[in-house]
Amino acid sequence: MFSEIQKVTDKAMVFLQKKALSALYIPKQKLHMAMNNTTAPKVQLLYDLCKTTFTPSGLSSSPSPQPIHKLCSLLDTFGPADVGLKEESPDDDRGHGFFGLNRVTRWAQPITYLDIHECDNFTMCIFCFPTSSVIPLHDHPGMTVFSKVLYGSMHVKAYDWVEPSCIKESQEPGCPQVRLARLAADKVLTAPCGTSILYPKTGGNLHCFTAVTPCAVLDVLAPPYREDLGRKCTYYVDYPYSAFGNDFPQGNGAQISNGKEEEYAWLAEIETPDDLYMRSGVYVGPSIRV
Ligand SMILES: [Fe+2]
């Protein structure tokens with residue numbers, strides 16, 4: 001009896017050992033891919049992850065938190081060297097050699113846009129800001145944007161539209177039509193810091209960047225701006241809530257309780273600001289295999 005039990009037990013042990021070994025077995029091809037990935041530049045890993053995460057309409061209609069978490073975790077590890085940049089110190093854009101540049105010339109330094117990759121589903125790009133430069137308040141219609149500050153400090157002010165939309169038409173000529181928005185962020189991001197995400201309707205879809213020091217931001221936009229598909233970048237100016245009064249009929253979302261006015265602002269659409277000085281530069285980081 002005992003030997004029968006022993007036989008069964010031995011068989012079970014062999015079966016379990018085989019099972020355990022097969023679980024550990026990694027096919028050669030997969031092992032090769034995994035080894036390749038460990039040596040692939042981070043920017044390649046980011047591209048690969050974006051490619052599997054995004055569809056032509058950005059994230060799927062009901063995105064699970066997992067791909068977003070993966071993207072953030074990877075972006076969190078990025079520093080300037082991963083995309084071929086050198087960190088600029090706050091002094092780098094002040095002194096310009098022995099002769100220097102005067103204040104106005106220095107402030108007129110452009111923001112540099114570096115395109116890493118663009119396809120129908122997403123854009124990977126970098127913005128390099130000299131101190132005090134500003135990307136004015138603008139929107140990302142229907143888009144999700146991941147932003148990682150690579151070096152330096154940047155002030156971010158961000159809003160989301162109040163829904164249902166609350167629009168005030170002015171009776172006076174020359175006064176703009178304004179729409180109510182709620183403040184989502186008003187803070188300084190200093191590297192190293194985590195990745196920020198904005199979504200089509202939350203997280204601060206409309207934002208304004210001001211460089212506190214020289215800084216650079218790695219952005220992933222999904223889907224990309226495409227004017228022909230209704231994804232046009234529109235610029236805005238913000239007015240305090242009190243600037244347009246509180247004379248709204250009940251029930252349209254504009255009744256703000258006392259003490260909360262500072263969390264709201266009226267936004268008016270404007271033309272692309274003349275003083276937005278941006279030029280495109282050449283991305284010199286690791287190339288991507290597409
Ligand atoms: Fe933006």
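Pro192 lies in the loop that runs between β7 (178–190) and β8 (196–198), where helices (H or I, at least four residues) and strands (E, at least two) are DSSP runs, numbered from the N terminus. The peptide bond that joins Ala191 and Pro192 is cis, with omega about 0 degrees. This is a predicted model, in which local features need pLDDT of at least 70, side-chain atom pairs count only at pLDDT 80 or more, and totals for chains, interfaces and linings use all residues. Residues are numbered from 1 along each chain as its sequence is written.

**Confidence and overall make-up**

The protein averages a pLDDT of 82, and 74% of the residues score at least 70; pLDDT is the predictor's confidence in each residue, from 0 to 100. Over residues 1–9 the pLDDT is below 50, and this stretch has zero contacts in the model beyond near neighbours in sequence, two residues being in contact if their C-beta atoms, placed from the backbone, lie within 7 Å. Residues 12–36 also have a pLDDT below 50, and that stretch has one contact beyond near neighbours in sequence.

The protein has five helices and 13 strands. Of its 290 residues, 24% are buried, which means that 20 or more other C-beta atoms lie within 10 Å of the residue's own; a residue is exposed if that number is 12 or fewer, and partly exposed in between, with C-beta atoms placed from the backbone. Among contacts between residues at least 6 apart in sequence, 82% join residues at least 24 apart.

**The sheet**

An open sheet of six strands, with mixed pairing, follows the order β8-β4-β10-β2-β1-β13; two strands pair if DSSP finds at least two bridges between them. Because β8 and β13 (278–281) stand at the edges and each has a single partner strand, one side of each is left without a neighbour in the sheet. The twist averages 25 degrees from one strand to the next, with axes taken as lines fitted to C-alpha atoms, for helices over the stretch in contact, and angles running from 0 to 180 degrees between N-to-C directions. Strands of a sheet pair through backbone hydrogen bonds, either parallel or antiparallel. Three of the pairings are set out here, each with one pair of facing residues.

| Strands | Sense | Bridges | Facing residues |
|---|---|---|---|
| β1 and β13 | parallel | four | Tyr113 and Ser280 of β13 |
| β4 and β10 | antiparallel | seven | Lys148 and Leu218 of β10 |
| β4 and β8 | antiparallel | three | Val145 and Leu198 of β8 |

Strand β4 is mostly covered, with eight of its eight residues buried.

**Helices on the sheet**

Helix α3 (residues 42–53) has twelve residues, which at 1.5 Å a residue should span 16 Å, and its end C-alpha atoms are 16 Å apart, so the two values agree; the expected span is 1.5 Å times one less than the number of residues. Within α3, Val43, Leu46, Tyr47, Cys50 and Thr53 are buried. These residues are on the same side of α3, because they cover an arc of only 135 degrees around the axis, the arc being that of the directions from the helix axis to the C-beta atoms. The buried residues of α3 pack against α4 (65–76), β1 (111–118), β2 and β10.

As a whole, α3 packs on the sheet, where it touches β1, β2 and β10, and its direction makes about 135 degrees with that of β2. Helix α4 packs on the sheet as well, touching β4 (144–151), β8 and β10, and its direction makes about 15 degrees with that of β4.

**Loops with particular backbone features**

Ala191 is in the loop between β7 and β8, and with 19 C-beta neighbours inside 10 Å it counts as partly exposed. Not counting residues up to four places away in sequence, Ala191 touches Val149, Leu150, Tyr151 and Gly152. The C-alpha atoms of Ala191 and Val149 are separated by 5.7 Å, although these residues are 42 residues apart along the chain.

Another cis peptide bond runs from Ala222 to Pro223, with omega near -10 degrees, and Pro223 is found in the loop between β10 (215–222) and β11 (235–240). Ser132, in the loop between β2 (123–129) and β3 (134–138), has a phi near 75 degrees, a positive value in a residue other than glycine. With 15 C-beta neighbours inside 10 Å, Ser132 counts as partly exposed.
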